[in-house]
Amino acid sequence: MFRVESMTVPGGAEAIVRGGRDLFPLLPSALHGVERIGVLGWGPQGRAQALNLRDSLAGSGITVAVGLRPGSRSLDDARANGFNEDDGTLGDWLEIAASADLVILLIADAALAAHHEEIFAVLKPGATIGLSHGFLLGYLRELGRDFPAGHPVIAVCPKGMGDSVRRLYVQGATVNGAGINASIAVHADPDGHGTDRALAWSIALGSPYTFATTLSAEYHSDIVGERAILLGAVHGLVEALYRYFRIAGADPVTAYERSTETITGPIARTISKHGIPAVRAASGDSDLFDRAYSAAYRPARDLVAEIYDEVADGTELRSVILAEQRLANRPMTQIGGSPMWSHSPTVHARRSTPYRTVRYGGGSGDARGGGASGAAAGGGAGIDAVTAGVFVGTMMGQVDEFVVRGHAWSEIVNESVIEAVDSLLPYMHARDVAYMVDNCSRTARLGARRWGPRFQAVYEQIALPQLDQPADAQLIKEFLANPAHEALAAAAELRPSVDISV
């Protein structure tokens, strides 16, 4: 139903499908017999996807309904957004699942693991099972089970948080069809229409471009990514750097700017607009950047590899299930209690002027002083060379680990770079990193809490003490020549030029 294009990537090409609102008239046919879509859950993804699907399919005759568990606190918000019991677009989750031709499972991973059998038992014959995350597949494999026979199983996995999925879709009404990229996977396809249905779902969410993966590859890269460069590593890094700069004599606000603010603001925007190597130039001190990159790359990559192994063998999935069981009768504690976060309001108030070139204390050769910060578009502090080198070293460590694990380039650059700089980091910039850790999905929250302190220890105990050592010239050469930059540039050409509004 949709035109497949070839995107040139290092070593070959990948098939992708561009989105756009001009394709919305094709959606009913591409969904092949789907007359009713049931979205189970009203978390960030459930809310965003239900609203986007309803808006994209308006006038098509296809109904989008939301299913919630009894006593859900989300009922009032779902009603406020136009879903209601009177017209059958809001109801009990099992009743909605039983009446839908496409059932999209967007409840929390642990809840889905606990209740999937109830959902599967009420499905209409031949109903399509839709996922936006492969966690359930990993869980079923641990049990030696699979999805029920005779049902298509497809996935559409937006490369951004739910707020991004909705906000960029709304912007897309006037700005180049803007949205957030997505991957699709067709895990079971008994009627032969799985790919068309998945692409229709992705396009209806507003995805600028959609690429193919497998459900297994998706949950490996997604769960690893949110524990590493997307969330866990960022939290560990800013905590480590704040302490590092404070010990070196920086006042609290400056230490916050040099750590958190420089990552969520100018570094994110520079990568988004100009690519990863541009951060090195914008730091104003390439030697210090190179030393920081060299110090961080290998220990950070080693930790990414450890996370990947624990996801692959099921350890990380089991830890999430166990944590959810512990949390059944107690709240999850907040992590934003360390002293650095009390300075967030002051730093945010200083954003009235554009990003400026700032030379932080110390000469360019003084690792603790920090060197110069290059100018970049936006508002707030400049780019600190130490922070930039360590952050980029971690990002490239994840990129390179995903390469050796066999992931496709589209998946690598979306899960390691685009999702970070175009969705998560802008949200962290508006709120702060600690707020993001305390308000993301429970699987991500648990992963960031488990692995963020490990990254913090790596930076404090291994990377930062090595800043006075010469840069590894071969490592920097490999960074500058990394084929990921070519892949990212190809993917960036397909992305609308928008900034997330938070």
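How many disulfides does the count come to? The count comes to zero disulfides. Keep in mind as you look around that this is a predicted model.

**The cysteines**

Let's start with cysteine 157, which is in no disulfide. The nearest cysteine sulfur belongs to cysteine 440, and that one is 17 Å away. Now turn it around and start from cysteine 440: the closest cysteine sulfur is in cysteine 157, and 17 Å is too far for a bond. A disulfide needs the two sulfur atoms within 2.5 Å, so at 17 Å cysteine 440 and cysteine 157 don't make one. Are these two cysteines buried or exposed? Cysteine 157 counts as buried because its relative accessibility is 1%. Cysteine 440 counts as buried too, at 15% relative accessibility.

**An arginine tucked away**

Next, have a look at arginine 36, which sits in strand E3 (residues 36-40). This arginine is buried yet has no salt bridge. Which side chain of opposite charge is nearest to arginine 36? That's aspartate 101, 7.2 Å away. A salt bridge would need the charged atoms within 4 Å. What the side chain of arginine 36 does reach is the backbone oxygen of glycine 88, at 2.7 Å. Leaving aside residues up to four places away in sequence, arginine 36 touches Ile62, Thr63, Ala65, Gly88, Ile96, Ser99, Ala100, Asp101 and Leu102. So aspartate 101 turns up twice, because Asp101 is among the residues touched and is also the nearest side chain of opposite charge; contact means heavy atoms within 4.5 Å.

**Rings that pair up**

How many aromatic pairs are there? The count comes to 12 aromatic pairs. Here are two of them, side by side.

| Pair | Centre to centre | Angle between planes | Type |
|---|---|---|---|
| Tyrosine 293 and phenylalanine 479 | 4.8 Å | 35 degrees | tilted |
| Tyrosine 427 and tyrosine 435 | 6.3 Å | 35 degrees | tilted |

The pair of tyrosine 293 and phenylalanine 479 links distant parts of the chain. Tyrosine 293 lies in helix H13 (residues 286-312), while phenylalanine 479 lies in helix H20 (residues 473-480), and the two are 186 residues apart. Both tyrosine 293 and phenylalanine 479 are buried. They also belong to a bigger group: ring pairs link Phe289, Tyr293, Tyr297 and Phe479 into a cluster.

As for the other pair in the table, tyrosine 427 counts as buried because its relative accessibility is 7%. Its partner, tyrosine 435, is partly exposed, with a relative accessible area of 36%.

Terms used:
Residues numbered from 1 in each chain as written. Predicted model: local features only at pLDDT ≥ 70, side-chain atom pairs only at ≥ 80, totals over all residues. Heavy atoms only, no water. Buried < 20%, exposed > 50% of the residue type's maximum accessible area, 1.4 Å probe, protein only. Helix = DSSP H or I, 4+ residues; strand = E, 2+ residues; numbered from the N terminus. Lys, Arg positive; Asp, Glu negative; His and termini not counted. Polar contact = N/O pair within 3.5 Å; in protein donor to acceptor, adjacent residues only side chain to side chain. Phe/Tyr/Trp six-rings, centres within 6.5 Å; stacked < 30°, edge-to-face > 60°.
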